[in-house]
Amino acid sequence: MSLSAMKSRIGLLAAPLVAAVLLLLGIAGTSSAEIPAPVPVRIAHHGSFTRIVFEFPKLLAYHVKATDGDALIDFDTNAVAAFGAIKSPLVKSIREIPNSEGVLKVDIEMVGGATVRHYRLQRKIVVDVYSSAPPSKKKAHPRARGAAKKKPEPSAPPVKLTVDAPVSMPVPAPEPAPAQEAPPAPEPAPAPKEAVQEPLKTEVAEIKAEPAAPAVAAHGDEKGEDHAPEATTEISVSFLAPSRLAVFERSNVLWVVSDFTASTATPPVITGPMAEFIAPPKALRFEGGTAYRYTFPKKFYPRVEKQNLTWKISLLPEAYEPPPPAEIKAEFDPTSRKAKLIVPLREAGNTIAFEDPDVGDTLYVVPTGKPDQVIRNVSHLTDFTMIPGILGMVVRPLKDGLRVNPVHDFVSLTSPDGLTATPEGVGTPVLIGEADAASDDDNNRLFDFPNWRQGGLLMLRENRRKLQDEIAVAPTPGERAGLLMKMAMLYFSNNFGQEALGVLDLVLTENPEMEKNPNFIAIRGAANAMSGHFNEALQDLSYPPIQSNPEVNLWIGYAAAATEQWLMADRSFPKSNRLLLQYPDNIAIPFTIYMAESALHLGHTDTAKKLLDTINMTSDALAPQYQAAISYLRGEALAQDGKPEQAEEVWGPVANGLDRLYHAKTSLAMTRLLLQQKKISLKDAVERIDSLRFAWRGDGLEVEILRMLGALRVQNGQVLSGLQDMKQAAELADSMLNDSTPIRDEMKSVFSDLFVGGQAGKISLLEAVSIYGEFSTLLPAGPEGTTATLGFADYLVSMDLLPKAAELIENQISVGMPEDKIISAGEKLAAVYLLDKRPVQALEALGKTERSNMTDKDREERGLLRARAQSQLNQTDAAISTLSTMTSRNAGRLKADVLWRAQKWGAAAETIEALLPDAGRPISEEDASLVVNAAVAWKLSGNIAKLKEIKEKYSADMEATKMASTFGVVTREGGSSSLADRESMLKIAGEVDMFKGFLDAYKAGAGKGG
């Protein structure tokens, strides 16, 4: 098939609109995140065999390893299985096997001598268990048609070809975490500089740790030795946005390196029993990052964890089991004996180069966003030393020109002259790849292109005419079916996939038994791939009798790559391109392109370049779309080699060219590169990616475009539209049976950062409400979900949407929140009801959230809220009784307010005077208001003597306040007998609420009053 066969589907996707706030609120309030349903497993006995059916929601890869009495199945998913009842004389047990890989592994224990047959039925995986060997003739499933038939004899003798030497491909490194097959891998993030990474100038500065700790002597001093940690001490570093971190120990110094600058990073906070013995860190500030350096007493074991936007480094008193060393791979050139090293490191950030002020050498540090990613290998090579880390990766260069380039989920180490991959004086260079005997055996070939082509395109018309004549006079359906198969092979081998499929349908009309032929199924699957029907191709090519054939896996890899499923493509492509050497150029070229792109997604840059070099650039089959693809991939290789300027130069014509597929891919990759080099702003990057969203539609590339657009918009502060783009990407991935889990995990992380991590304060209230209403299904489970909901209620209160805020809090309490949060939630709910003038409901909220473990502070807070509710209900005596045992200033203000509301002016005035400051010193505006309130109360009570007394006492102090004129009006002589003057006093009194500040704290989202 040619790449032009990949048709894009043009459709109009309406951008989702932000609904009205109250409509959004109507769907809010979900208290827990959605949990994926378990995979149903049906088990039934059918006389001679037992059938086990796994019903997955999407197409996925699987592997069966059967031994006597046991079958182990690995599924390419992290789902859990729900097993049905076992009623079978052949199956003893079926169970899920826990494993560190995070994938679904199922063990089937069978009776002795039992055998299994397995196959795919659309999205179902079927395993049949037989007491002995399965019957030789068995009806195949609808899409996997096959019982073996003899292959048609070629119409011409085999032609001996002279072929080029095959390109050996490296063995892919094991994935650092369980993965699923569908999502397109992200484009590479090359190093920001083309040439040698120069260490940045650093400035050493002292940073005050929180809490402040006395300085201690250097590592290993006498005091430190005496105070080895007996319990966990934690260093916490928080950031304002998602960050990457590296942690390592060197020369008795613990380094904490982040990719945030000092202006955006909060200094570390250290807590625990060792806090007072650890000096504040010294900070190295440089462009692109900040490092904190701690000197420590001995006998501690750092372990790193991450919670939302906070990294925690625990100093444990005992050693723990560290992750295994990384499997470092090398791409080796046997002629120069030089290599490029590939180091797996997920979510790697930009390389940070700086000078160690103590040792005086240069370090290259690669931080990571995953707390379980660390390169702790100790490697002493001729070109560099790898320093074991606690998080991330640390390299000390030993030669000029070393490049450390993070790309995708790995880091490549290169130099202009290549690396010497042999440790000094030891052994032979590291070599990736091994002989692939299966693909080297021509007897394993299913597709005999040299003979099936029968002279190629020049002879196609004549060969087709001859076959048509023979078919017309064939005497039996069997002979016609055989001749039609020859016609299908003729079309297929000359790259006419659609025509081949049409003829294969005619074959089944003449001979339905061909539907059981594995060779027929293989050709049909390959013809589907050639025609762009990739799901149908994967369905046929996954038929168990042919699935282990190297040539079938080659076509599976092609179909997977064409739909941007790079994990499946990598697993399926053979280790060598030898199978392609007998393919015609119009088929071999697109295969080679996809194999090279798959290699680049794994960071095997040298392999990709060698594959591209095998393409015959003078071939008539080298269509413009292939030339665009080759330029795109060569630019990608340059970017991975740390040559961004050259990559831009190669990419320019493709990004501005007419091929839509590679215009989109190249523009996406170039935007990433320019953003990483800071040649464009985040806003420019968003605009560039937004312009691509309709440039390519309908496959994994569109998913990646939408995913990247959403992530960039979130970073740019456009959180709502960013989440909407990511949601669209996830839904599109689901519709293509791809794995949307990574995208949905990113969305959950953004939502959690907003409403659990407190980042929602950085966006508008309207946007926060809209996000919660549209994406409340992303609520985390458990305490974090409760925190998010209560935090969102604060936003509603600040917008005066008090009824909805009360409904959310009430719902959280009723569905069962953690006990340690119920007390404070009850107080918050009561305050919201009081703000909404609903005192009865406030008292009910306090009553049902009473607990025996309340603190004194809780009891006082609840007393104040209860007294306020009683006052609103005009239960003055009850309110005063509730406050009678309280002596705090808040209690005094509330008591004065209760008396004021009851118009007991004399008692109110005495209570207020007890709150007034001493005279003769500067007075705050808050206290000035209390002075005025006291004067009003004395005047309304008719106590002119007390009014004169307060006037003489505070006149001078009040002159400098905003309440000076009001105080003058209230305390002027002769006004008490005036009816108009009394009405003015009552108006002032009606506007006074001395408890308002306490409740406003809830409205501002502070939670507690006061």
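Helices here are DSSP runs of H or I with at least four residues, numbered from the N terminus. Please keep in mind that this is a predicted model.

With that in hand, let's start at helix H6, which covers residues 477-493. Its 17 residues, at 1.5 Å a residue, should span 24 Å, and the C-alpha atoms at its ends are 24 Å apart, so expectation and model agree. After H6 comes Asn495, which has a positive phi, near 75 degrees. Many H6 residues are buried, including Leu483, Leu484, Met487, Leu490 and Phe492. The buried residues of this helix pack against H4 (449-452), H5 (460-473), H7 (497-510), H8 (518-531), H11 (550-562) and H13 (585-601).

Phe492 also leads us to the largest nonpolar core, a set of 104 residues. Phe492 is among the residues with the most contacts inside that core, along with Phe447, Leu554, Trp555, Tyr583, Ile593 and Tyr662. What does Ile593 touch, leaving aside residues up to four places away in sequence? Its contacts are Ile615, Tyr626, Ala629, Ile630, Leu633 and Tyr662. Apart from this core lies another, of 56 residues, with Leu754, Tyr795, Met817 and Val832 among them.

Now for a sheet. Four strands form an open sheet in the order E14-E11-E18-E17, paired antiparallel. E14 (269-271) and E17 (301-307) are at the edges; each has a single partner strand, so one side of each has no neighbour in the sheet. From one strand to the next, the twist averages 20 degrees. Strands E11 (residues 233-238) and E18 (residues 310-316) pair in the antiparallel sense over six bridges, and Ser238 stands opposite Thr310 in E18.

Key: Residues numbered from 1 in each chain as written. Predicted model: local features only at pLDDT ≥ 70, side-chain atom pairs only at ≥ 80, totals over all residues. Heavy atoms only, no water. Core = buried A, V, L, I, M, F, W, Y, C linked by side-chain atoms within 4.5 Å. Buried < 20%, exposed > 50% of the residue type's maximum accessible area, 1.4 Å probe, protein only. Contact = heavy atoms within 4.5 Å. Pairing = 2+ DSSP bridges. Helix = DSSP H or I, 4+ residues; strand = E, 2+ residues; numbered from the N terminus. Axes fitted to C-alpha atoms, helices over the stretch in contact; angles between N-to-C directions. Expected span 1.5 Å × (residues − 1).
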